[in-house]
Amino acid sequence: MHDSVPTPDPATAQAASAHEERDARSWVRLLANYREPSRLRSAVELLITLVPFVALWALAWWSLSVSYALATAIAALNGAFLVRLFLIQHDCGHASFFKNRSVNDWVGRSLGVLTVTPYNVWRRAHAHHHSAAGNLDKRGMGDVLTLTVDEYRGLSRFGRLRYRLYRHPLVLFGLGPSYVFLLANRLPVGLMRSGWKYWASAMGTNLMMLLVLGAIAYFGGVAPLVFVFLPTTVVAASIGIWLFYVQHQFEETSWDEEPDWQLHDAALHGSSHYILPGVLRWFSANIGVHHVHHLQSRVPFYRLPEILNDHPELNEAQRLTIRESFRTVGLQLWDEKSRRLVSFAQAKAI
């Protein structure tokens, strides 16, 4: 006869939870040692991304005289460089790419014209994401909308249909990214009443985009816009949304209501470690090391592999392979009882 396993009392459970929180906090303090950027390294990373991007843009434009299909294919490939430019802009928003905050901001604003993303608007929304990731009471800005099983059951038939459409892969990774980057970004969505600087950011970016695209149309007509600008931007937007999606939308992620939610614990356990081949890690600027990024967002992206090498336990945490990431598309609802993301079918069975 086997001895029964004792059930921990509430005090023990609370102590264990506090220990996990201390662990997460200790990681934050430790990772602060990696926050120092290198001015030379940052400049080189920017140049080796921006120069090929401009060169491929020019090559795609020239290829219009040969074949529209060839130009579109080159433009689509160039979307990978645009993703990397966006992630450099992302680091600028965290003040992690250069030591000087003003340099970060102006590089970020300039890249925002290429990534069609108003820098100040995006930075505010992204800051909210970092401060509220995994918090069920603070959803709705800078995240992929995720309902709990009970919330979904409480919706009307039309509400359920609307949520199903929103979570459909063709919308999330096809129509949605194009809408967000080409249309929604033209206004300070979510910050319409938050002050003039967000309007200045959106309108300033729009004006610079209009000047650049207008010059391209003046010298090259509509074709470069349709067969170069649009494919590059749409492909980059879809890749970017996919990366953002898998960083938090995996089965063992973490969501809690306000009383139980802890910032650092959510950062460590609610963010994935996306395992990618070397070339994809380069184009995605190591953003797959997302659990570390959320623990210490001031670390420049090129120092994230250094952290994994120095701390193997972080390298083994929250690992999500490419094959596993494809399965996350079928998970749409957070089940608060089993503490995991489930599919619509699983929620129905529950």
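Reader: Which hand does the crossing of α3 and α4 have, left-handed or right-handed?

Author: The crossing of α3 and α4 is left-handed, a term used when the near helix is turned anticlockwise from the far one by less than a right angle, whereas a clockwise turn is right-handed. The model is predicted, so that local features need pLDDT of at least 70 and side-chain atom pairs pLDDT 80 or more, while totals for chains, interfaces and linings use all residues. Residues are numbered from 1 along each chain as its sequence is written, and side-chain values use heavy atoms, without hydrogens and water.

Reader: What makes α3 roughly antiparallel to α4?

Author: Helix α3 and helix α4 (residues 101-114) pack at an angle of about 150 degrees, with their axes 8 Å apart. Because angles over 145 degrees count as roughly antiparallel (under 35 roughly parallel, 65 to 115 roughly perpendicular, the rest oblique), α3 is roughly antiparallel to α4.

Reader: Which residues of α3 and α4 meet there?

Author: From α3, L82, L85, I88, Q89, D91, C92 and G93 meet R101, N104, D105, V107, G108, L111, G112 and L114 of α4, contact being heavy atoms within 4.5 Å. These residues divide into seven nonpolar, five polar and three charged.

Reader: Why is α3 called oblique to α10?

Author: The axes of α3 (residues 68-93) and α10 (residues 223-246) come within 7 Å and cross at roughly 40 degrees. As that angle falls in none of the other classes, α3 is oblique to α10. The crossing of α3 and α10 is right-handed, and the residues that make the contact include Y68, A71 and L82 of α3 and F227, P231 and L243 of α10. In this contact 14 residues are nonpolar, five are polar and none is charged.

Reader: How do you know whether Q249 is buried or exposed?

Author: Q249, in the loop between α10 and α11 (263-269), has 2% relative accessibility and therefore counts as buried, since buried means under 20% relative accessible area, exposed over 50%, and partly exposed in between. The side chain of Q249 makes polar contacts of 2.8 Å with the side chain of T146 and of 2.8 Å with that of R167. Leaving aside neighbours within four places in sequence, Q249 is also in contact with residues including V144, W255, T328 and L341.

Reader: How is E252 classed, as buried or exposed, and why?

Author: E252 is likewise found in the loop between α10 and α11, but its relative accessible area is 56%, and therefore E252 is exposed. From K197, E252 is 55 residues apart in sequence and 38 Å apart in space, C-alpha to C-alpha.

Notes: Axes fitted to C-alpha atoms, helices over the stretch in contact; angles between N-to-C directions. Helix = DSSP H or I, 4+ residues; strand = E, 2+ residues; numbered from the N terminus. Nonpolar A, V, L, I, M, F, W, Y, C, P; charged D, E, K, R; others polar. Buried < 20%, exposed > 50% of the residue type's maximum accessible area, 1.4 Å probe, protein only. Polar contact = N/O pair within 3.5 Å; in protein donor to acceptor, adjacent residues only side chain to side chain.
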